[in-house]
Structure formats: C-alpha cells, structure tokens
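Please open the structure in a viewer and keep the selection panel at hand. The tour proceeds from one selection to the next.

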Amino acid sequence: MSERQKTLLLTGASRGIGHATVRRFNREGWRVITCSRQPFPEECPWGGGAENHVQIDLANPSDVIEKVEMIRDRLDGKLDALVNNAGISPKGPDGARLNTIDTDLKTWGHVFHVNFFSSVVLARGLKEELAAAKGAVVNVTSIAGNEVHPFAGAAYATSKAALKALTREMAHDFGPLGVRVNAIAPGEIETAILSPGTEKLAEKLPLRRLGQPEEVAATIFFLCSSESSYISGTEIEINGGQHV
Ligand SMILES: NC(=O)c1ccc[n+]([C@@H]2O[C@H](COP(=O)([O-])OP(=O)(O)OC[C@H]3O[C@@H](n4cnc5c(N)ncnc54)[C@H](OP(=O)(O)O)[C@@H]3O)[C@@H](O)[C@H]2O)c1
C-alpha cells in the first residue's frame, strides 16, 4: 500500500525562511499549502499550484477566521503540520529601533495580530485535523523574544516572547490530542527582515556568520517529522551560538 502524502500548512511562505521551508518539505514529498498576502503568483515559486495557495491577511482576525474554513475544505480531514512562520518587525524612520516608549499602540497591535494571534486562530481552527493526523505545530519565535536585540523593536520582541509562552500553553492543551507543539528561535538569518549592520553583528557570533534559511527549514522539518516524536513544548535556538 502506498503511504498517504503528508500535508503542511505554512504561513509566510513567499520569502526567506518560509520559502526555504516550502522547498524542503516539497523535496521530502509533502504537500504544502502556502499562505501569504499576495495572490498566487503567475510565475509560481512554490510549485504547489494555485489550489495549494491561500491569500490571507494575518493582520486581520476576521480574514483569518474566514480562511480557516477555506483551508479545512482543502484538507482530507488531516493536517500533519502547521508552521506559524509569518512575522513582521516594523522600524521607525531611517530604520530606527522602536522601543517601549516610542511604539504607538496601533503598530503594537498590528504586530501582535500577525506574529501572535494568527497562530492561535489557525491552530484552534484546525485542531480536529491536526489531531486526526497526530500532527505537529511549529511556532517561529526569535532570539529577540529572550533578550533585548539591537535592531528588533519592543513590539516584535514582546510578540515573540508571547509566542514562546503560547507554545508552552499549546503543548499542554494539544498534547492529549496527540499533537506536539514546539518553537524555533532563529538568530540572524540571511533574509529580507534583517536590518543593515547585521553583518557586523554576525562577525562577533561564535560561528562568525549569518545563518541560512535552509538551516532553519531543516530544524522545522525535524520538528514535524517522527524523528522528534517525543519532543513537545520546547524552543530550539538556531543562532550559531549567539545566546551564549
Ligand atoms: N531572518 C531572521 O534573521 C529572523 C530572526 C528571528 C526570527 N525570524 C522570524 O522568522 C520568520 C520568517 O522571517 P523571514 O526573515 O523569512 O521574514 P521575511 O523574509 O520578511 O518574510 C516574512 C513573511 O511573512 C509574510 N507576511 C508578513 N505580513 C503578513 C500578513 N499580514 N499576512 C500574511 N503574511 C504576512 C510575508 O508574506 P507576504 O509579504 O507575501 O504577505 C513573508 O512571506 C518571522 O516570523 C520572523 O520573525 C527571522
């Protein structure tokens, strides 16, 4: 009998870490349903076809709730993995870091909707399908959730700290359903989200270099595979030793 093809739902698939994750899971034979604000591009970088793409604005909670129904209709009752990867890190004028004193509440709320609340809505909305597959959830947090970062702002950092706490709470609540929930916390990965000057920071890291999106995708894949079958409620740091 041929094995059932596994399905991943991935947010923030259009660029950076998300894009590398699509490629890795495709290579491993998974079906990947991608989510981003843009419609399915004519020149498809993902290869999954338009039926495997959902246009969604994660900053808009009612859009996310509505799209959960659309996503469910595209599943065969089972979801093997949900990766909450989309994230935003707004900056002030000239790329300045937005701190706890300067960040206006509207920006703060916007960041939380994309980086935090969308993960809750998607996981809760697809709970039955995740349970049916004994699936895995991976939340993409950040080193900035654990310590003050020279470039990442306060709204971003607190949203990632909240996402880390959510990982713990979800691991507790989804575990009895057979669903594992973990987080990965990247450090400085070479994508569009990085601020100018990060190369200088990377020179001082123990591994003396930026990370690559493929190295993050490999850890995400590990956490969604049976190789990590007894790991739940943890956060894996992927940062070349930046935290030491
Ligand atoms: N790169 C790093 O060094 C680093 C370090 C720590 C943590 N992280 C985390 O890793 C994740 C991926 O980062 P990245 O560097 O790959 O980021 P990126 O290149 O900036 O990509 C961000 C992704 O999020 C999507 N997105 C943004 N706003 C959205 C919205 N309102 N609705 C739907 N999708 C939205 C974007 O898609 P569209 O624009 O097409 O909608 C894009 O695919 C993020 O959570 C980030 O915080 C990255």
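Helices, runs of at least four residues assigned H or I by DSSP, are numbered from the N terminus, and the labels below follow that numbering. The model on display is predicted.

**The ligand and its shell**

Begin by selecting the ligand together with the 30 residues around it; Ser14, Arg37, Asn85, Tyr156 and Thr191 come nearest. Colouring this shell by class gives 14 nonpolar, 11 polar and five charged residues.

Next, display the polar atoms at three residues.

- Gly12: a polar backbone atom of this residue lies 3.2 Å from an oxygen atom of the ligand.
- Arg15: an N or O atom in the side chain is 3.1 Å from an oxygen atom of the ligand.
- Lys160: a polar side-chain atom is found 2.8 Å from an oxygen atom of the ligand.

How much of the ligand does the protein bury? Taken alone, the ligand exposes 890 Å², and 96% of that is buried by the protein. Now select α1 (16-27) and α5 (154-174), the elements that give two or more residues to the shell around the ligand.

**The largest pocket**

Where does the ligand sit? It occupies the largest pocket. The volume of this pocket is about 890 Å³. Select its lining, which comprises 42 residues; Asn85, Ala86, Gly87, Ile88 and Ile193 are the closest to the pocket centre. Asn85 has already appeared in this tour, among the residues that come nearest to the ligand.

Show the secondary structure and highlight α1, β2 (31-36), α3 (105-125) and α5, each of which supplies at least two residues of the lining of the largest pocket. Which element provides the largest share of this lining? The answer is α1, with three residues. Coloured by class, the lining of the largest pocket shows 19 nonpolar, 17 polar and six charged residues.

**The second largest pocket**

Move next to Gly211, Glu215, Ile238, Asn239 and Gly240, which lie nearest the centre of the second largest pocket. In total, 13 residues line this pocket, and its volume is about 150 Å³. By class, its lining consists of five nonpolar, five polar and three charged residues.

**The cavity**

Rolling a probe the size of a water molecule over the atoms reveals where empty space remains. How many cavities of 30 Å³ or more does a search of the whole structure find? The search finds one. The largest cavity has a volume of about 30 Å³. To locate it, select Pro90, Leu98, Thr103, Gly153, Ala154, Ala155 and Tyr156, the residues that line the largest cavity. This lining divides into five nonpolar and two polar residues, with no charged residue. Tyr156 closes the tour: this residue belongs to the cavity lining and is also among those that come nearest to the ligand.

Methods: Residues numbered from 1 in each chain as written. Predicted model: local features only at pLDDT ≥ 70, side-chain atom pairs only at ≥ 80, totals over all residues. Heavy atoms only, no water. Near = heavy atom within 4 Å. Polar contact = N/O pair within 3.5 Å; in protein donor to acceptor, adjacent residues only side chain to side chain. Areas by Shrake-Rupley, 256 points an atom, 1.4 Å probe, with all protein chains shown as cover. 1 Å grid on protein atoms, 1.4 Å probe; cavity = no way out; pocket = protein on both sides within 12 Å on 5 of 7 lines; lining within 4 Å. Sits in = over half its atoms within 2 Å of the grid points. Nonpolar A, V, L, I, M, F, W, Y, C, P; charged D, E, K, R; others polar. Points joined across faces, edges and corners; volume = space filled by probe spheres on them.
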